[in-house]
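Student: I would like to take a close look at a single part of this protein, and I would be glad of one connected explanation rather than a list.

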Amino acid sequence: MSAETTAISRPRRWDNPFDPDLSTADVERILAAPVFRDLDPNRFPPGQSLPDIVRNDARINRYQRGDIVVLEGDYGNSVFVILSGKVNVLYGYLPEIGRPPRRARRPFWNALAQLWRNSREIETRTLSPSARAVHMRANRGRAYLPDIERVIAEHSVTPLEHGDMFGEISALSRGPRTATVFADTDCELIELRWQGLRDLRARDPDLRERVDHLHRTRSLLAHLSESPLFAHLDEATIALVAQEIRFENHGTQELFPTGELPTESGGSLAGEPLIAEEGSLTDDLIMIRAGFARVTEHLDHGNRTVGYLKNNDVFGLEEIVRQWRGNGSVPLRNSLRAIGYLDILRVPAVVMERYVLPTMPEHLLPVAADTDIRATPVWKRDESATGIEQPLVDFLIDERIINGTQSMVIDLDRCTGCDDCVKACAATHDGNPRFVRQGPSHDDVMIANACMHCVDAVCLIGCPTGAIHRDLSSGDVHINDDTCIGCGTCSRSCPYGNIVMVEIADKAGTVITDRETGAAIRRATKCDLCAGQLGGPACQRACPNDALVRLDMSNPGEMVAWLHR
Amino acid sequence: MAASLTRFTRRRARNTALVVGATLLLVAITHLAETTLHDIRFVTGWTLFGLIVGLALFDLRRRIPVLPLGSASDWEQVHIYGGWCAVAVFLTHTGAGLPDGPLEIALWIPFVAVTISGTVGIWLSRVLPKRMRDHGARELYDRIATRRAEIAAEAQALAISSARDTGSVTIADYYQKELSAYFQRPRNALAHLTGYQGHLRLQQQQIQSLHRYVDARGHKILNRLSELVEIKDDLDYQFAAQSALRLWLFVHVPLAYGLLILIAVHAVLAHAFEVGPS
């Protein structure tokens, strides 16, 4: 009897389609639509046929004129193809419609009841059919532009119509939407979630080329429109600049390309390809489009890390400005290296001097480096350009902690090991702590093994069902337990080992097994920042010694303020 | 000047000023009451009771992390400085004198014990984490026993291999007589907490003295054993420090609850046997 209650069919990818109500007629309609009709069904194996992917990962959305399809800044991973009607893409203007509400917080009494409702057994789950049917992610709800005519008249919009595709930038870069798209007429759109796009791209090179081309050209314009350096240029000039820009990809998808942390003997920069070398001519302005880069300067036989660059940062601007001001040829002051993979844009110096710098507002021009600082030997400088002391910044970059937006940082000088943080985490997660109070450390700073909610969340890439996803508004990374099939892809992808696979049990504590093989059913678990809990992350609130904090590592200022608190 | 102070320094200065201010106010009120022949012992008594109840709520806050009741660090600050206020009220209430009756002694001793244990707890919490940093990697308390077993297993394997590979029993003998017991359980807790390192020095000297009796392979084994002794010593330090950081709470918290009960009894008796105009 007990075995019957704890054995289920192993969850599979096709268990939770994007739209459970998608009919066979709808699937045929999608397959006959632009983009999809160009796909060759013979390239897809029987177990993963083209109609299967469409049935599982696509849906048809209907919008009325003025409805917002995607909002700039939202996190989403779907691409859209226009089935009928027209939409407009709106750059650089954020409609005042408000962000979607954050995950609903539980009522006070419900939260209090958690104290005695928490399971006494570890990792228990209730596997009711209704729970399994929970949808992948909630829609943002209907939002619309209140004054569509005025928006179109006052702002630059790009029309898209039948057969056009959009949304590929966020889908491929795992970042927020770079533009707002709204319906210009009543329209129908095919929405294909990332998992489907990934499989179609993998099987069909023509589609991959088409999507990648769209991604390159559109993300370039989006990137230029986001950068303050080009904000003062008119559209025609931006187009001219865009024509001269070169894309480059460096590094590898592995954050630790050698498979282990850099060592002093092996050279801490091993596996970090050189992109621009100190002392060479400054031919281009380098803009970071995605990924991270390390900035270094020579010191004797080694290289001192000066800082790191992330999305939207630039390299070489000061040198280009000095050249433009008539200082002749100015060599690069630092070197630039790729950490993991890195996408960059190169804007030729001549283009900067001709189109950009002459009209750039004075306050955006970089101030020349402080000569006193430059005269100080590098080994005597206490801090890097980030404001963090040199050994710590080396540690943060070498361990790739800079990827975290919510890294759990513990001050070992104040942590007494009381484990109130762990107990609080367990109390808010049905008795199961979602982090380990251990991790890499440098001096008095420890980075605990808790999900960092990375800028570039590589754990999202391989998930077959989309169970691991970003929150639409905050971008935090969450796992939908109901749609996780326990494949472990995200856990293996996480470079920091912060996603843990657990065997789940029923309320009696008996491990739930696969009815066919008898193997334990597993789920991926990790820190969810206490989503839905009152008051935010319980770990941080529970620390009585001011020893634990969640920090955004892409903002060194936060770290500096905390270190000097 | 204020801007150059850290947030913690400013917080400490502000909280200390508040406690000193409240204490001065209390002394002034007490003095005024005495000069005007008013008896304010019931006022100070109930104030003290209220303060201790308030301080005890911190424990409740720690047990209810699911509600937005403010950060535990803010609660701890209130607990620490509220505790000092309670000491001031206690001294005022008792006239800063020693107890002279059984019930007074029964109240006085736990109050002093709670105060001392709390003060020691603060001191340990501020000092030991820094010292732990100088003694190897921070191990989770629950994993120390496992780590210790791993070290012991490696040491035992080394001792066995020394007898087998070098044909000498010097190392194996020393291991059996000295090191085997050393690796089996935590050692030198008191020495660690007082910062004494003599035991480690002695152990290392003994190992060093064996070098003259072994061959090259034996040297390597002794060097590794010496490292393991040091690692084990750091682990013992971690265990001693983390145990101390836990144990003081096992004194402080039960005593505080006991004190609360005794104060309640005291309040009932005081009102029952109250004399004179109310």
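Student: Which residues have the most contacts inside the largest nonpolar core, and how many residues does that core have?

Tutor: Please keep in mind that this is a predicted model, which scores ipTM 0.89 and pTM 0.88. The largest nonpolar core has 36 residues, and those with the most contacts inside it are Leu396(A), Val409(A), Ile447(A), Cys459(A), Ile468(A) and Met559(A). Several elements of chain A each supply at least two residues of this core, namely helix H14 (390–398), strand S18 (445–447), strand S24 (548–551) and helix H18 (556–563). Among these contributors, H14(A) gives the most, with 5 residues. As background, nonpolar side chains in soluble globular proteins tend to be buried together.

Burial is not confined to nonpolar residues, however, as an arginine in strand S12 (residues 284–299) of chain A, Arg294(A), lets us see. Arg294(A) counts as buried because its relative accessible area is 1%, which is under the cut-off of 20%. The side chain of Arg294(A) makes a polar contact, at 2.8 Å, with the side chain of Asp398(A).

A second charged pair can be read in a similar way, for Arg437(A) forms a salt bridge with Asp419(A), and the closest N and O atoms are 2.7 Å apart. Arg437(A) lies in the loop between helix H15 (420–428) and strand S17 (441–442), while Asp419(A) lies in the loop between strand S16 (407–411) and H15, so this pair ties together parts of chain A that are 18 residues apart in sequence. Both Arg437(A) and Asp419(A) are buried.

For contrast, consider the salt bridge between Arg325(A) and Glu362(A), where the closest N and O atoms are 3.1 Å apart. Arg325(A) sits in the loop between helix H11 (317–324) and strand S15 (335–348), and Glu362(A) in the loop between helix H12 (349–356) and helix H13 (371–375), so the pair ties together parts of chain A that are 37 residues apart in sequence. Here Arg325(A) is partly exposed, with a relative accessible area of 46%, whereas Glu362(A) is exposed, with 57%.

Finally, nonpolar residues can also be found on the surface: Leu103(B), Ile261(B), Val265(B), Leu269(B) and Phe273(B) form a nonpolar patch there, with about 460 Å² of accessible area together. One of them, Ile261(B), has its place in helix H9 of chain B and counts as exposed, because its relative accessibility is 56%.

Note on methods
Residues numbered from 1 in each chain as written. Chains lettered and ligands numbered in written order. Predicted model: local features only at pLDDT ≥ 70, side-chain atom pairs only at ≥ 80, totals over all residues. Heavy atoms only, no water. Helix = DSSP H or I, 4+ residues; strand = E, 2+ residues; numbered from the N terminus. Buried < 20%, exposed > 50% of the residue type's maximum accessible area, 1.4 Å probe, protein only. Polar contact = N/O pair within 3.5 Å; in protein donor to acceptor, adjacent residues only side chain to side chain. Patch = residues over 30% accessible without salt bridge, like charges linked within 9 Å, V, L, I, M, F, W, Y side chains within 5 Å. Areas by Shrake-Rupley, 256 points an atom, 1.4 Å probe, with all protein chains shown as cover. Salt bridge = Lys/Arg side-chain N within 4 Å of Asp/Glu carboxyl O. Core = buried A, V, L, I, M, F, W, Y, C linked by side-chain atoms within 4.5 Å.
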